Amino acid sequence: MKIFSTDHKVIAKQYLSVGLFWAITGGLTAYMIRWQLAYPETEVPGWGFIAPDFYNMLVTMHGTIMVFFVAMPILLAAFGNFLIPLMIGAQDMAFPRLNMLSFWVFALASLVLLSSFFVPGGAASAGWTGYPPLSAKAAYTGVNWGLNLWLLALALEFASFLMGGVNFLTTAINLRAPGMTFFRLPLVVWMQLTAAVIFMLSVGPLIAGAVMLLMDRVVGTTFFLPEGGGQPLLWQHLFWFFGHPEVYVILLPGLGIVLEVVTVFSRKPVFAYRPIIYATIIAGFLSFIVWAHHQFISGIDPRLAMPFSITTIIISVPFAFVIFSMIATLWRASITFSAAMLFALGTLGVFIFGGLTGIFNGSAPVDIYIHDTYFVVAHFHYTLFSAVFFGGFAGLYFWFPKMFGRMMNEALGKIHFWLTFIFFNSVFIPMHLVGLRGMMRRIANPMQYEFLKPLEPLNQFITLSAILLLLSQFFFVINFFMSLARGKAAERNPWQANTLEWTTDSPPPHGNFAEVPSVYRGPYEYSSPESAEDWLPQNRPLTAPRAALR
Amino acid sequence: MTGAAVPPGKIGIWWFLASEIPVFGGLIASYIVVRLGSAGWGESSAHLNFTLALINTFLLLTSSMTVVMAHAASEESNYRSVANFLGLTILLGLGFLGVKAVEYTTEIAHGFTPASGIFWSFYFGMTGLHGLHVLAGIIVNVVLWIGALKGSLAQNSHRVELAGLYWHFVDIVWIFLFPLLYLA
């Protein structure tokens with residue numbers, strides 16, 4: 001395997017590897033954060049004492065790593081790169097060299113972020129949202145180069161994903177196989193494309209914001225510094241104008257994976273194929289007008305807060321529609337509970353819970369009470385952990401045979417699911433309670449407050465569960481590497497699925513298809529009376545092609 | 001069915017430009033919102049050199065014309081003419097950057113640096129980011145110009161149009177920056 005490859009499948013695996021590396025790093029920061037919260041001012045086993053400054057760095061880097069260096073590369077870049085050309089019947093991306101450049105710019109961003117841990121003053125510690133004035137002057141956090149490198153890493157990452165977005169969209173517009181109309185595309189492709197559009201149209205203002213913040217820090221401008229006439233609140237708008245659409249950039253590919261997996265293991269056509277696409281596009285539009293719900297306690301005018309509350313609650317409608325469609329697909333289906341399916345159903349359950357608490361946060365009067373507490377932390381872990389980890393694992397268990405040509409161990413996969421599901425909930429359900437009782441986030445030692453002391457046993461329970469949640473992931477790691485080395489060889493179509501990637505070899509050769517497939521129908525014709533089996537691949541003609549007419 | 005009528009490069013460049021608009025859009029919107037919320041911007045703006053900026057506007061507008069003429073020449077496969085018009089475009093772009101450099105030098109010599117307050121933050125930030133885009137466009141045009149001189153551009157003649165689309169975008173951004181910074 002060439003390291004500098006232009007093959008979209010190799011690039012997908014490269015993104016996956018880097019994303020998994022960062023997932024381990026992000027998990028370690030979570031472990032240290034949780035230990036500190038349960039047993040403040042004791043030594044973290046395997047690390048040592050955590051000073052408040054260091055704690056600030058941990059929470060900053062945990063958020064940055066998980067959102068930008070785990071969720072984005074795995075859900076968007078790895079799955080998008082792997083699936084889009086294969087599912088539309090293309091030989092590769094529209095711009096293979098741009099695709100390679102996109103990965104290497106991302107690798108450079110990863111190196112810059114990694115190096116920021118080792119510069120004097122340590123890595124960034126102004127929160128993953130980098131609010132000024134805290135982030136605008138080195139003196140405020142004691143971190144100079146760490147934060148500059150953090151901004152540089154983000155800028156490089158955005159450049160990389162912009163290249164990826166151009167590639168995804170051009171590929172899907174231009175390289176679809178004959179017969180692959182837009183309304184025959186698998187839903188995961190639709191969701192990847194919508195995510196790419198949302199990303200490309202929302203990230204610009206934050207790129208401008210990052211340049212402005214870097215200028216404030218390095219050349220002495222005062223965009224975000226009140227003493228020079230600047231506006232700290234401006235950053236919050238620029239950040240969240242991207243930051244909230246970003247949630248859907250991550251969520252949509254996760255939901256797309258779940259829709260594929262749920263349909264294949266239900267052996268039924270997906271419920272409401274076209275309306276799901278319309279709901280996705282509507283959600284994409286709405287995602288641009290909800291951002292200020294992150295700023296309800298930033299001194300926002302109540303007359304402005306209310307419209308943002310309303311749009312935030314409206315955006316749950318298209319997502320509820322997608323979720324109900326999944327449930328309707330499951331209704332009276334003949335379900336196979338494979339490891340991939342368990343993770344897909346896990347995503348469904350966990351995401352519903354996270355979506356419901358989102359309505360609390362979206363309502364300005366409620367949010368004023370729970371803002372910046374662990375209730376909010378629990379809420380967004382329910383939404384993002386479901387999309388990124390449950391959804392990502394569903395995708396990995398499902399497409400691993402196609403990616404690597406070998407089957408994963410189902411038993412280990414199921415153990416992995418149940419442990420992850422149980423410990424995830426035992427971490428984050430109690431976290432809602434802790435938040436409602438007033439424990440705020442980003443405080444190195446909440447136990448210094450008298451009224452929070454009774455929460456210490458609950459925090460210890462959360463931490464214990466979190467450690468078990470992290471340890472449960474070893475079942476995946478072991479399964480991944482063992483299957484890679486000596487898993488059963490995968491046939492072309494182990495799950496008896498319809499989409500085009502299953503009609504070529506596992507793993508597909510460079511160029512993907514021996515001949516360009518012709519597409520005759522949509523991707524979800526399961527249990528069709530037209531076919532002897534209960535599946536009907538998109539490229540199988542029911543009558544002999546009429547060559548004479550061509 | 002596959003939509004291959006539009007070449008991939010053109011679709012790609014349009015999506016790229018679509019993602020560039022929010023970058024400058026965010027910056028310009030920030031400028032307008034912050035400016036409306038505080039006083040004293042007009043006095044700072046009065047220190048800018050309007051005449052030089054007007055000359056720069058003419059330089060960029062003319063370069064948009066020459067880049068279109070390069071495209072027209074490439075459609076006729078007249079690469080000598082392509083090289084001439086691209087060369088003119090590059091010269092006009094360099095002229096723009098040269099005038100900008102004179103402006104920056106005089107302003108800084110008079111004590112107006114990026115650290116001189118919020119107007120100057122935006123002025124240097126917006127024109128600086130735009131200047132980097134002009135520089136990038138010049139580099140792209142130089143690469144094409146060398147290709148046109150050597151004759152290797154013939155296989156990739158569509159690139160003249162793609163580079164032209166980007167060049168127009170950079171031009172249009174200036175059409176927004178000029179009145180916002182110099183005239184308001």
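The following is a friendly exchange between a trainee and a mentor about a predicted model.

Trainee: Let's start with the fold of chain A. Which kind of element makes up the run of chain A from the N terminus on?

Mentor: Chain A has 14 helices and zero strands. Reading its elements from the N terminus on, you therefore meet α at each place in the run. The kind of element is α, the helix.

Trainee: What radius of gyration does chain A have, and what would a compact globule have?

Mentor: The C-alpha trace of chain A spans about 80 × 50 × 50 Å along its principal axes. For 550 residues, a compact globule would have a radius of gyration near 24 Å. Chain A agrees with that value, as its own radius of gyration is 23 Å.

Trainee: How much of chain A counts as buried, and what share of its contacts with a separation of 6 or more comes from residues 24 or more positions apart?

Mentor: Happy to take these in turn. Out of the 550 residues of chain A, 55% count as buried. Among contacts in chain A with a separation of 6 or more, the share from residues 24 or more positions apart is 82%.

Trainee: Now a single residue: is Gly26(A) buried or exposed?

Mentor: Gly26(A) sits in helix H1 of chain A, which covers residues 8-38. Its count of C-beta neighbours inside 10 Å is 21, and 20 or more is what the label needs. Gly26(A) is therefore buried.

Trainee: Which residues does Gly26(A) touch, leaving out those up to four places away in sequence?

Mentor: A helpful landmark is Gly63(A), 37 residues along the chain from Gly26(A), with 8.1 Å between their C-alpha atoms. The residues that Gly26(A) touches, with those up to four places away left out, are His62(A), Ile65(A), Met66(A) and Val70(A).

Trainee: Let's look at H6(A) and H8(A). Are they roughly parallel or roughly antiparallel?

Mentor: Helix H6 of chain A (residues 187-218) and helix H8 of chain A (residues 273-286) have axes 10 Å apart and pack at an angle of about 15°. Angles under 35 degrees count as roughly parallel. The crossing of H6(A) past H8(A) is right-handed. By the angle, then, the two helices H6(A) and H8(A) are roughly parallel.

Trainee: How many charged residues does the contact of H6(A) with H8(A) have?

Mentor: On the H6(A) side the contact includes Leu187(A), Trp190(A) and Met191(A), while the H8(A) side includes Ile276(A), Ile277(A) and Thr280(A). By class there are eight nonpolar and three polar residues in this contact, and the charged ones number zero: no charged residues.

Trainee: Over in chain B, are H4(B) and H5(B) roughly parallel or roughly antiparallel?

Mentor: Helix H4 of chain B (residues 79-109) crosses H5(B) at roughly 155°, and their axes come within 9 Å. This gives a pair that is roughly antiparallel.

Trainee: Is the crossing of H4(B) past H5(B) left-handed or right-handed?

Mentor: Residues that meet here include Leu86(B), Ile90(B) and Lys100(B) in H4(B), and Val134(B), Asn141(B) and Trp145(B) in H5(B). The contact holds 16 nonpolar, seven polar and one charged residue. As for its handedness, the crossing is left-handed.

Trainee: Last one: which helix gives the most to the side of chain B that touches chain A?

Mentor: The contact takes 34 residues from chain A and 28 residues from chain B. Helix H1 (8-36) and helix H5 (118-150) of chain B each supply at least two residues of the chain B side. That side has 17 nonpolar, 11 polar and no charged residues. With 15 residues, the one that gives the most is H1(B).

Conventions
Residues numbered from 1 in each chain as written. Chains lettered and ligands numbered in written order. Predicted model: local features only at pLDDT ≥ 70, side-chain atom pairs only at ≥ 80, totals over all residues. Contact = placed C-beta atoms within 7 Å. Helix = DSSP H or I, 4+ residues; strand = E, 2+ residues; numbered from the N terminus. Nonpolar A, V, L, I, M, F, W, Y, C, P; charged D, E, K, R; others polar. Axes fitted to C-alpha atoms, helices over the stretch in contact; angles between N-to-C directions. Parallel < 35°, antiparallel > 145°, perpendicular 65-115°, else oblique. Left-handed = near helix turned anticlockwise from the far one by under 90°. Rg over C-alpha atoms; globule rule 2.2 N^0.38 Å. Buried ≥ 20, exposed ≤ 12 C-beta atoms within 10 Å, placed from the backbone.
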